[in-house]
Amino acid sequence: MRTMALGEKQAVAIVAAAGTGQRMGPGRPKLLREIAGKPVLVRTLQALDLPELEAVFLLLHPEEKREILSLLEKELRTYGRKRQLVIVDGGRRRQDSVLAGLRAAAQWEGWRAPEADRLVLIHDGARPLAEEELIRRVLAAAARTGAAAAGVPVKDTIKKVGEDGMILETPDRRRRWAVQTPQVFSWPVIYHAHLKAAAEGLSATDDCALVEDTGHPVQMVMGSYANLKITTPEDLLAASALLKGVTAPRYRVGHGFDLHRLQAGRRLVLGGVEIPAPFGLAGHSDADVAVHAIIDALLGAAALGDIGALFPDDDPAYKDIDSCLLLAEVMAKLAAAGFSPVNLDLTIIAQQPKLAPYREKMKKKLCNVLGLAETAVSVKATTTEGLGPTGRGEGIAAQAVVLLAEAPRGTGGRGEA
């Protein structure tokens, strides 16, 4: 599947995961080390789980390949159902591995686009925190220019140092960027660059340098400081901390208010509880101002409109309806949008009747509909000391404040069920 951002261009990915990871120290291969319960390589592949990428060529070290494929068999099989996953033996250097991946990609039978319209995304297997938006930015830039790479401006002052350790120069850091992956290239650009480098014995630590050597310009795209490369044990700790920050829920606050006039001969329903009284509240539904205020607070926090738009007062379907049924429908709407309530603070403003005897019943009713513990719901009642329409006994009002948690998406937006 291709997206409009790439037009008619067709894209595949090469994942450079054939390094020995010596700086990680003894133990399991670094791609099998876990970040928040998942191996580094699994998180990297999940970051590349985009419909734009029709095939992934995974470069593995021949001596580690069997262990990695054995331990990640289930995850790789699941990933391979979405797109073709091709395992390729890596070479002695990263550059050799990428060239092996390019040669494998050259033989891929899934190409439909002509070579000029093919894109190759190259990504480090040890960069598991690349975000979906970042990857798409680099893809889109390469679709326009033929060569693009993620990077970030350096934050530290950079020194050029001689072999004796003495500082030779302090370059202006304002024009210095630290390059990252993904790096994306038009097929002719990257394939020619690697073949030229192999023929001339040119060595480089990233693919941009090889492309630059051919004279083709490379577009730098703003990356992310969180898009770190796992190299040492300290990087695992940093990645875990970053991931926890990304996957923490985000919160939203909503406020709702409603006021209905009193009307003789109507049932008085507040907070889903019918209260004995010689009057009720005028309205199209059961006119439960407390529940109406809660609904507006929930919808407002989630930016999903308001009660009037969702349940019009001229729709016969809502004539005299139990407002708790409307609240239940709003809860379903919130869940579908990825929101859940954390707590509710409800204040009912009425000169009469006395509401204290009914507050606990209201609380239990609202807890049941909202799916909250009783410790997370507060129901209060107050008067206005005879002031205003509620003080004069003309109506009853309610105010509600809610806190919503927005379900986390996780890094890259995938794999964080």
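This report describes the largest pocket, one central strand pairing and the nonpolar cores of a predicted model.

**The largest pocket**

The largest pocket has a volume of about 750 Å³. Its lining comprises 31 residues, and those closest to the pocket centre are Gly19, Arg23, Lys30, Arg94 and Lys229. By residue class, the lining divides into seven nonpolar, 15 polar and nine charged residues. Two or more lining residues come from each of strand 1 (10–17), helix 4 (94–106) and strand 10 (177–186). Strand 10 gives the most, with four residues.

**Strand 10 and its partners**

Besides its part in the pocket lining, strand 10 is largely enclosed by the rest of the structure, because seven of its 10 residues are buried. Strand 10 pairs with strand 6 and with strand 7, as the table sets out.

| Partner of strand 10 | Residues | Sense | Bridges | Facing residues |
|---|---|---|---|---|
| Strand 6 | 118–124 | antiparallel | four | Leu119 and Ser186 |
| Strand 7 | 147–153 | antiparallel | six | Val152 and Ala178 |

In the pairing with strand 6, Leu119 has Ser186 of strand 10 as its bridge partner. In the pairing with strand 7, Val152 stands opposite Ala178 of strand 10.

**The nonpolar cores**

The largest nonpolar core contains 49 residues, of which Leu270, Leu298 and Leu346 touch the most other members. At least two residues of this core are supplied by each of strand 15 (279–281), helix 9 (289–301), helix 11 (323–336), strand 16 (339–349), helix 12 (359–370), strand 17 (377–382) and strand 18 (395–406). Helix 9 provides the largest share, 10 residues.

What does Leu298 touch, leaving out residues up to four places away in sequence? The residues are Leu327, Val330, Met331, Leu334, Pro341, Leu370, Val402 and Leu404.

A second core, separate from the largest one, has 44 residues, including Ala17, Leu58, Tyr79 and Val184.

**Leu69 in helix 2**

Leu69 belongs to helix 2, which spans residues 62–71. Is Leu69 buried or partly exposed? Leu69 counts as partly exposed because its relative accessibility is 28%, whereas buried residues fall under 20%. Apart from neighbours within four places in sequence, Leu69 is in contact with Leu60, Leu76 and Ile87. The last of these, Ile87, is 18 residues from Leu69 in sequence, and the C-alpha atoms of the two residues are 9.4 Å apart.

Methods:
Residues numbered from 1 in each chain as written. Predicted model: local features only at pLDDT ≥ 70, side-chain atom pairs only at ≥ 80, totals over all residues. Heavy atoms only, no water. 1 Å grid on protein atoms, 1.4 Å probe; cavity = no way out; pocket = protein on both sides within 12 Å on 5 of 7 lines; lining within 4 Å. Points joined across faces, edges and corners; volume = space filled by probe spheres on them. Nonpolar A, V, L, I, M, F, W, Y, C, P; charged D, E, K, R; others polar. Buried < 20%, exposed > 50% of the residue type's maximum accessible area, 1.4 Å probe, protein only. Contact = heavy atoms within 4.5 Å. Pairing = 2+ DSSP bridges. Core = buried A, V, L, I, M, F, W, Y, C linked by side-chain atoms within 4.5 Å.
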